[in-house]
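Q: Hello! I am new to this structure and would like a close look at a single part of it. Could you walk me through one sheet, step by step?

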Amino acid sequence: MMLLKQAALQLFPPEFASVDWRDIWERPLQDGTAFQWSIVAALTRRLMDTGWKYKIPLIDFEQQPVLMTLRNEIPIAHLAQAGHSATSDQSVALDDRFMASLIPKLTFTKDGKVLSLFIEGCPYHIIATGQRYEIRPDILLLPGQLTTINKQGQMVEYQYAYSNELQLEGVLRVSSSRLLPLVQKTPPQDIALSVLGVVECSVNKSARVASKQIDGYRAVFQFTGDEGTFLITGNEITADCGSMTHVDLTTTNLSGLVSSLLEAGEQIRLHLVEPGVV
Amino acid sequence: MNVKEKVQQHAALRNDYIEMLVDFALRKALEKLAEKGVISKAVWPERHKEFKAVDASDVFDHYFRIKFIKTAHEVEFWGQTTCYKGNELGVAEANKTYEIRETLIEALTLRRHLLASKKEFRILHFTFGPSEYTYSWFEAAKTASFDWSMYSADIVDKYDIFSNLFTLLAGTGSELDVQKRLQIAFSSPSGLRDFLVGFVVKIEEWLGSLPEKNALADKQAKILNTEYSSAESKLASIIKSSKVGGENIKGRVIQAITAGKSSDPHIIATLKRVYDGNGFISTALKALNDWSAWGNQISRKVTNELDLRAAIDLLWNISDDFCITRRLLVRLFSSQSVHYPADLNIRTVTEHTLYTVMYTPEINDQVIDYFLAKYHAAGIRDAKTLKGLLTSSRAKQIVVDALQHDTSNGTTLKPSFYYVEEALKDKFPLVSFEAAGLPLPVGYHSKFSSIATVQSYGNLKVVLGRHGRPIAVIKAKYFRKPEFPRRAKEEAYVGLTAKYDLKGSKFTSRYNLPFIMFVDMDVTLTPPEFALVRLVAAGWLPVFKISDLRDYLQTL
């Protein structure tokens with residue numbers, strides 16, 4: 001695990017040095033979080049190498065070191081302990097978790113093109129499409145960028161410039177509810193919202209599980225055929241899961257691991273970000 | 001998803017809907033007050049406002065701050081909402097006691113801090129569902145501890161707000177949808193509209209007249225302050241002692257139940273008392289040990305010739321084994337999960353008596369009729385089919401689940417207290433209040449109402465020192481990690497109300513004895529500090545090790 005940490009930190013831009021990684025690098029590899037962040041690091045590095053400029057939107061926030069590793073998932077109270085009153089057991093305040101859910105981890109620009117990277121969820125897709133789904137792709141790439149985010153009392157307002165034609169806006173109410181705490185959105189009607197692609201990082205999944213997951217993404221994000229998804233595995237899988245590659249996590253060689261991660265990053269770039277641009 | 005989770009999800013959704021309804025009504029009332037020029041401007045109340053302090057980490061369902069034009073005072077309001085699901089009989093549900101204790105101590109703790117901050121405030125409580133669903137003292141205790149406690153029956157009596165709200169909000173995916181539908185309901189004639197309008201008027205009237213703060217609640221909050229201040233110097237050492245882990249008595253007892261042995265004599269003595277107190281554990285272990293033999297034995301008693309009614313009667317009352325057969329009978333008629341097995345809607349049949357009490361012949365007949373109807377409806381019409389179900393693998397699983405529940409559930413198994421008693425008895429016997437010649441520990445909230453009955457706390461004992469002199473009051477309880485803050489809340493209320501008495505309008509110390517909470521917990525658990533301080537502020541001295549407990553008792 002230490003090797004994976006070394007490889008990832010070598011690939012990340014310098015601003016990531018201050019991130020509070022909690023115990024991500026100490027958890028068992030099967031937890032998957034460390035592998036997922038290593039792939040983020042490799043993709044970022046490959047995009048930088050091919051002329052993309054990166055921005056870390058969280059950098060302006062005092063809480064950035066803590067918020068960086070939180071999922072891009074709006075906090076929803078899944079289960080209350082009925083018969084008991086609520087206790088706040090979160091170390092990160094609820095309003096900060098709301099803010100963090102909406103802020104992409106990275107935004108990349110090149111030749112007028114803009115895209116943002118989200119971890120384990122993308123509130124903009126859920127809100128714009130009106131879909132509720134349980135799946136959470138490890139990495140999601142969405143066209144556009146967050147232009148405004150403000151907290152006014154209990155309300156969090158955002159504007160996300162998806163394209164020149166489409167501006168996504170909304171207001172979320174900070175609360176611990178089972179329902180999506182959305183109180184306003186523009187456009188008001190549900191729309192189809194294309195994502196550039198999703199990446200699934202699998203340490204040790206069986207072909208059947210991985211394939212089911214990829215099918216789930218195809219259904220939710222309306223990808224057809226081989227487009228839109230990319231699977232990176234830590235084990236060898238022989239099954240049709242669309243585009244995929246393999247990173248050997250058993251290696252003890254740091255430079256070998258770094259090259260293998262970079263190759264995976266390059267594959268994602270070629271498949272999801274800049275198809276055919278070598 | 002298991003049954004418990006399903007029930008909880010439904011309850012969580014019900015709470016969520018009701019909280020949104022309260023939020024909606026508060027917002028409407030504030031808009032009206034702003035229109036009338038009573039307050040400077042309307043605000044949309046916040047939901048789930050966190051309140052953190054040295055002894056609290058709580059969440060309040062509603063919060064808003066408004067300025068009253070006449071007095072130019074800014075006042076902040078904190079509110080909680082509670083739902084009681086009710087049952088057809090309209091009888092009290094014992095299990096709601098935990099929740100009310102938590103709610104009351106949260107409000108009093110918040111109050112202690114708001115009083116210290118010199119802010120102007122009010123703390124509110126809204127109860128939805130039938131008030132008779134809980135013990136009668138709840139209502140009086142809320143009235144005494146909040147500035148305003150309102151029941152939904154005060155708006156429209158006997159109105160089934162839950163079903164109507166579920167119908168209105170079915171299929172809503174976001175708060176936006178909920179707000180829209182509530183607005184529609186608020187504007188178009190219906191029973192729900194009458195309820196909503198009545199609710200808004202109640203809030204508007206109360207806020208508009210803004211009664212004085214509740215002096216009785218202030219006094220209770222001040223006791224917390226007194227207890228906290230007197231123990232403040234000991235806090236650091238209490239917290240330090242909590243960081244070395246617990247004795248894990250309960251875990252060791254469960255291990256001994258499974259292994260059938262232990263090298264600790266106190267565990268062996270504890271185990272004996274556990275078995276004596278809960279016949280189901282030993283009976284179920286024996287049955288599960290050879291499930292087919294148990295099945296044969298039951299089959300021999302319930303012959304195929306019996307009609308279904310006689311078979312149910314026999315199984316319901318079968319000697320020695322009814323603690324198992326009853327658990328099966330209440331579930332096996334349905335292939336689905338039975339959410340509330342004790343809800344037979346028969347008086348005196350409750351969660352607490354269902355598996356343990358031999359009922360009177362009249363009640364017994366009603367119970368048998370109830371199950372006969374259930375089994376008939378499920379197409380089970382003879383003893384042979386019923387026997388098949390009783391000896392099935394599903395039946396075995398039900399017994400396994402029940403055993404698991406009984407060995408892990410704090411309310412049915414109290415090994416921690418037994419162990420402490422066993423470990424101390426050579427020098428410091430633990431006796432009942434009666435035996436110690438002390439008044440029973442009836443919480444001071446019993447004095448809030450002349451009609452409500454409050455039982456004395458059952459799990460408190462008195463420690464005797466030299467010459468049989470009472471030296472302390474003690475409780476021992478197992479605290480699981482995820483439940484630590486909640487348990488601390490619940491016990492804080494017990495400590496506060498048992499330690500003090502209300503005489504006239506004055507709170508006085510009832511025993512002038514220290515209150516010890518022996519916290520049994522996992523060896524690796526480090527409790528949240530605020531939860532420990534909460535216990536201390538409510539008058540408890542938390543102790544984590546038997547050796548520390550003995551050392552402390554020596555000093556008394």
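In which sense do strand β7 and strand β8 of chain B pair, and over how many bridges?

A: Happy to help! Please keep in mind that this is a predicted model. Strand β7 of chain B, residues 461–464, pairs with strand β8 of chain B, residues 470–478, in the antiparallel sense, and 4 bridges join the two. Within this pair, B:V463 has B:A472 of β8(B) standing opposite.

Now to the sheet around them. In chain B, 5 strands make up an open sheet with mixed pairing, and their order is β6-β7-β8-β11-β12. The edges are taken by β6 (430–431) and β12 of chain B; each has a single partner strand, so one side of each is left without a neighbour in the sheet.

Helices also lie across these strands. Helix α18 of chain B, residues 415–424, lies across β6, β8 and β11 (515–520) of chain B, at about 140 degrees to β8(B). Helix α20 of chain B, residues 529–537, lies across β11 and β12 of chain B, and runs at about 135 degrees to β12(B).

Let us end with a residue in edge strand β12 of chain B. B:L541 is found in this strand, which spans residues 540–543. B:L541 counts as partly exposed because it has 19 C-beta neighbours inside 10 Å, while a buried residue would need 20 or more. Leaving aside neighbours within four places in sequence, B:L541 is in contact with B:P514, B:F515, B:I516 and B:M517. The C-alpha atom of B:L541 is also separated by 8.3 Å from that of B:F518, and these two residues are 23 residues apart along the chain.

Notes
Residues are numbered from 1 along each chain as its sequence is written. Chains are lettered from A and ligands numbered from 1 in the order in which they are written. This is a predicted model: local features need pLDDT of at least 70, side-chain atom pairs count only at pLDDT 80 or more; totals for chains, interfaces and linings use all residues. A residue is buried if 20 or more other C-beta atoms lie within 10 Å of its own, exposed if 12 or fewer, and partly exposed in between; C-beta atoms are placed from the backbone. Two residues are in contact if their C-beta atoms, placed from the backbone, lie within 7 Å. Two strands pair if DSSP finds at least two bridges between them. Axes are lines fitted to C-alpha atoms, for helices over the stretch in contact, and angles run from 0 to 180 degrees between N-to-C directions.
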